[in-house]
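Student: I am new to this structure. Could you walk me through it and tell me the reason behind each label?

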Amino acid sequence: MTASLTDDTAAPAASRWAFLRWLIPLAFLLITGWMVWRELASFDLPQVQRTLVAVPTVEALGIAVFALLAVGLTGLVDLRIARWLKLDVRNGELLRLALIANALANTINLSGAMGAGVRLIGLNGRGIDLPRTATLIGMQALSLPLGLSVLVAASLVSGNLPLIPGTATRWLALAVLVAASLYLPLYFVLTRQRRLMRWLPAEQPLPSLALRLELSALSLLDWLLAAATLYVCLNVSGAAVTPLELLGAFAGASVLGLVSLVPGGLGVFDGLLLLALGQTHDQAAIVSGLFLFRLAYYLLPLFVGLYLGSGLLADRLPQLTRLRARLAGHPLYGLLQLPAGLLADLGIRLLAIFTFAAGALLLASAAIPGLHERLRAAGQYLSLLTLESSYWLSVLTGVLLLGLARGIDGRLRVAYRLTQFVLAFSALLSLAKGLHFGEALFLLGVAVLLRSRKSAFSQRAMPLGSFTTAGWIAGLLAVVVVFFAVGVAAVLGDDSFDLFYVGFSEHSSRLARGLVAAALGVAIYLIWQSFAVRRAAPPAPLRSELEEARALYRAHGGGEFGHLSFMGDKSLFWAGDRQAVVAYGTIRDRLVALGSPCGSEAAVSRAILDFRRFADSQNSVPVFYEVLEPELSRFHDHGFDLFKLGELATIKLEEFSLAGKRWEDLRQAVNRSAKENLRFELHEPPFDTALLADVQQVSDTWLADKGGSEKGFSLGRFDPAYLAWGPLALVHHGERLVAFANVLPPYGRNGTISVDLMRHVPDAPRSSMDFLFARVLQWAQEQKFSRFSLGMAPLSNVGANPYARINERLAALAFRYGNSRYNYQGIRRYKEKFRPDWTGSYLAYPRGLWVPGLLVDVAALVAGGYRRLLKG
């Protein structure tokens, strides 16, 4: 009770301050952006382009290796804490987990939740108990700023602050830096207080002085390696920054970047470094070095981390949910408020972003004039035709990658396959259009990452009209417009945009042809998306499939609704090595199964799960309509919610007799049949054409008299192909056919027999239908069948309990007061006189869906579509 009250009171307080998570980063970005804009009004972007292009490929690869090593060594802190806690985890596994956590945390900080969440999942998956896992996370988080605190103190002593002297924000920044420099002594004092370290396990001693010194040294090494990576990037780009000068600026910018709460300090860290170093060094070289640093120290480790941790987050999401519940009372829970949904989709979402970035990179290399110097140099090795065609095709594939990112985000199998091909082809084009080795490596890296998550791409369709799809398409168009606007602005007025004017130096004409390729790429993608991504119409069952289904029903039982699959208006989904089958219809994005799966006992539960996965792959909602009580536990176990639809009435045929008050109406109908010249016949298929013609005439007359139309799905309709699957019960008045019913045979042991269509002409003798019903019961009893179904009593006993769900209590009102529209109570009373056994019938649906909307969808499915439903 105490924990519950604590959570309830803490939640409103947390929500009141939640806006600061967005306000603080936005304020830092705005302030930094204003300062950079004021100081760098004459910034030379083309020079940055030329500087980046001039970086040798071999040196860039060396920087990448060094940066990856630097990020990997940050795991030494985890390793030292793990040894202190005596965790039974191999050093290699721990360093791998730390690399994944740090790579993700560097880029997607989320107030520390990202790195903590990865460590929590990884260590728990290796059998480490929760208290020691939380201790490692807590000690790692406390140790991370130690080295930075040392660097900040050094920067204050040297006077190398990351701000221009005289700015209005200098004193505020100075106060933040002084506070950061005090973190190291405070750490040594406060970590000796047991009451402040109460989150440690009771048996775990406080960290010793030697341990704290080791962690401080390892943290300092971590920050020095990061600074060294930046130093190398700046010097390779032509900014001759001295080590001491860089350390001060790096330390200050890092602190303010962390305080800003912006993931990775993106924008704040870079802007402050540019302000600090751009006064004495070439601005284009500083920007180029920062760009290389972001690629090497952030993007490349993120690639490697995603590859090494492929599937770690998504596969363990249920485990994470349980851990969060157990962590609710832990002192470190505030640190671990993990966005579980984001963690689950993070790997795929980042792969989608990388795919989008690959497309943007191809367009950038096509649009930025500085990169065309490489094209002229490549002319020494490649023909002009090769260069021109590769350029044009790279624009086309770049646009396709921008669009395919949406399919990757939606886990589409077809998008995954096409993206793999386009990435590989684009990498070849990058070499052929100008020997862009770095660009080719990036494209191949994205392809390798996609390959590592191949099993995650199981979707066959996705919604085309969603806001998500619109957002990705808007991003595609925006990137195309922006990059080519940059290209056009750079060459405007230089020469003509003649589409057919070719040459190594003719960038304007080449750009004009690229615009045509981009427009073509957009058109191709939109056409592909419209046809390849749309949900395919489910196939109608073949005669051979229906025969196979009937054999399965006879072997294992067809349930109450198995025979209705022979109407042909439902598709068949086979599961469990074809040991179970689900008959389903489609309406909007719903896949509505009629009844439970039919098949062997072992295969039925698996069929429910397989059908749900099948629906997920179609981006559709799985629904099971009219599931009976004995099967409910199966659906509950697979995460379905339940809504009671009514009750099914069945009678034991061994109890049937025309004697007694229970069967009085039927007995009287049989007694009157001789006087009314009624004659009963039961015909087995196949039926001759003349008989079917007479049956159709009765059916048409009955429909015209009722003013109705044929239904479907859970209700039978007149269709010779459907009627041919079972017996026909006929009542003649003299020689004239006046009533009929099609009999639904029982399947399997203890199967239930029933009738579906029961139709008669308006002038048939009054006792015709009761007479038909009585004779069918007698025939079924003679055949030694066990039970007869009287059909559903809709909304019967729904919401009768005062504690029932609100939807079912509303349905109870419809049962009580809806007789003017539908005779719910009359149906219940008619069937009740036979004293049947009542079995609850339910709608099983994924949790969180709106039940009234589902019921309307099912009604439209039965009616044959929304248009026929609205017509009445």
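Student: How many helices and strands are there in the protein?
Tutor: There are 35 helices and 12 strands. Keep in mind that this is a predicted model.

Student: How much of the protein counts as buried?
Tutor: Of its 872 residues, 51% do. The cut-off for buried is under 20% relative accessible area.

Student: Why is Asp857 called buried?
Tutor: Its relative accessible area is 1%. Buried means under 20%, so Asp857 is buried.

Student: What makes Arg588 exposed?
Tutor: Arg588 has a relative accessible area of 54%. Exposed means over 50%, so the label fits Arg588.

Student: How do you know that Asp857 forms a salt bridge with Arg588?
Tutor: Their closest N and O atoms are 3.0 Å apart. The cut-off is within 4 Å, so the pair counts. This pair links distant parts of the chain, 269 residues apart. Asp857 is in helix α34, and Arg588 is in the loop between β2 and β3.

Student: Which residues are joined with this pair into one network?
Tutor: Salt bridges that share partners join Arg588, Asp589, Arg590 and Asp857.

Student: What makes Arg578 and Glu548 a salt bridge?
Tutor: The N to O distance is 2.9 Å. That is within 4 Å, so these side chains meet the definition. Arg578 sits in the loop between β1 and β2, while Glu548 belongs to helix α25. The two are 30 residues apart.

Student: Why are Arg578 and Glu548 called partly exposed?
Tutor: Arg578 has 38% relative accessibility. Glu548 has 31%. Partly exposed lies between the 20% and 50% cut-offs, so both residues get that label.

Student: How many salt bridges does a search of the whole structure find?
Tutor: It finds 25. Another one of them pairs Arg736 with Asp763, at 3.1 Å from N to O.

Student: How do you know that Glu626 has no salt bridge?
Tutor: The nearest side chain of opposite charge is Lys831, 9.5 Å away. A salt bridge needs atoms within 4 Å, so Glu626 has none. Glu626 is buried, in strand β5. Its contacts, leaving aside neighbours within four places in sequence, include Phe561, Met792 and Tyr842.

Student: What makes Leu196 part of a nonpolar patch?
Tutor: Leu196 has a relative accessible area of 36%. A patch residue needs over 30%, so Leu196 passes that cut-off. Val178, Leu182, Leu186, Val189 and Leu190 join Leu196 in the patch. Together they have about 490 Å² of accessible area. Helix α11 gives the most, with 3 residues. Leu196 itself is in the loop between α11 and α12.

Student: What span is expected for α12?
Tutor: The expected span is 40 Å, at 1.5 Å a residue. From first C-alpha to last, the 28 residues of α12 reach 40 Å, close to that value. Gly238 follows α12, with a positive phi near 100 degrees.

Student: Why is Leu144 called partly exposed?
Tutor: Leu144 has 37% relative accessibility. That falls between 20% and 50%, so the label holds. Leu144 lies in the loop between α8 and α9. Not counting residues up to four places away in sequence, Leu144 touches Ser219, Asp222 and Trp223.

Student: Why is Gly475 partly exposed rather than buried?
Tutor: Gly475 has a relative accessible area of 21%. Buried means under 20%, so Gly475 does not qualify and counts as partly exposed. Gly475 lies in helix α23.

Key
Residues numbered from 1 in each chain as written. Predicted model: local features only at pLDDT ≥ 70, side-chain atom pairs only at ≥ 80, totals over all residues. Heavy atoms only, no water. Patch = residues over 30% accessible without salt bridge, like charges linked within 9 Å, V, L, I, M, F, W, Y side chains within 5 Å. Areas by Shrake-Rupley, 256 points an atom, 1.4 Å probe, with all protein chains shown as cover. Helix = DSSP H or I, 4+ residues; strand = E, 2+ residues; numbered from the N terminus. Buried < 20%, exposed > 50% of the residue type's maximum accessible area, 1.4 Å probe, protein only. Expected span 1.5 Å × (residues − 1). Lys, Arg positive; Asp, Glu negative; His and termini not counted. Contact = heavy atoms within 4.5 Å.
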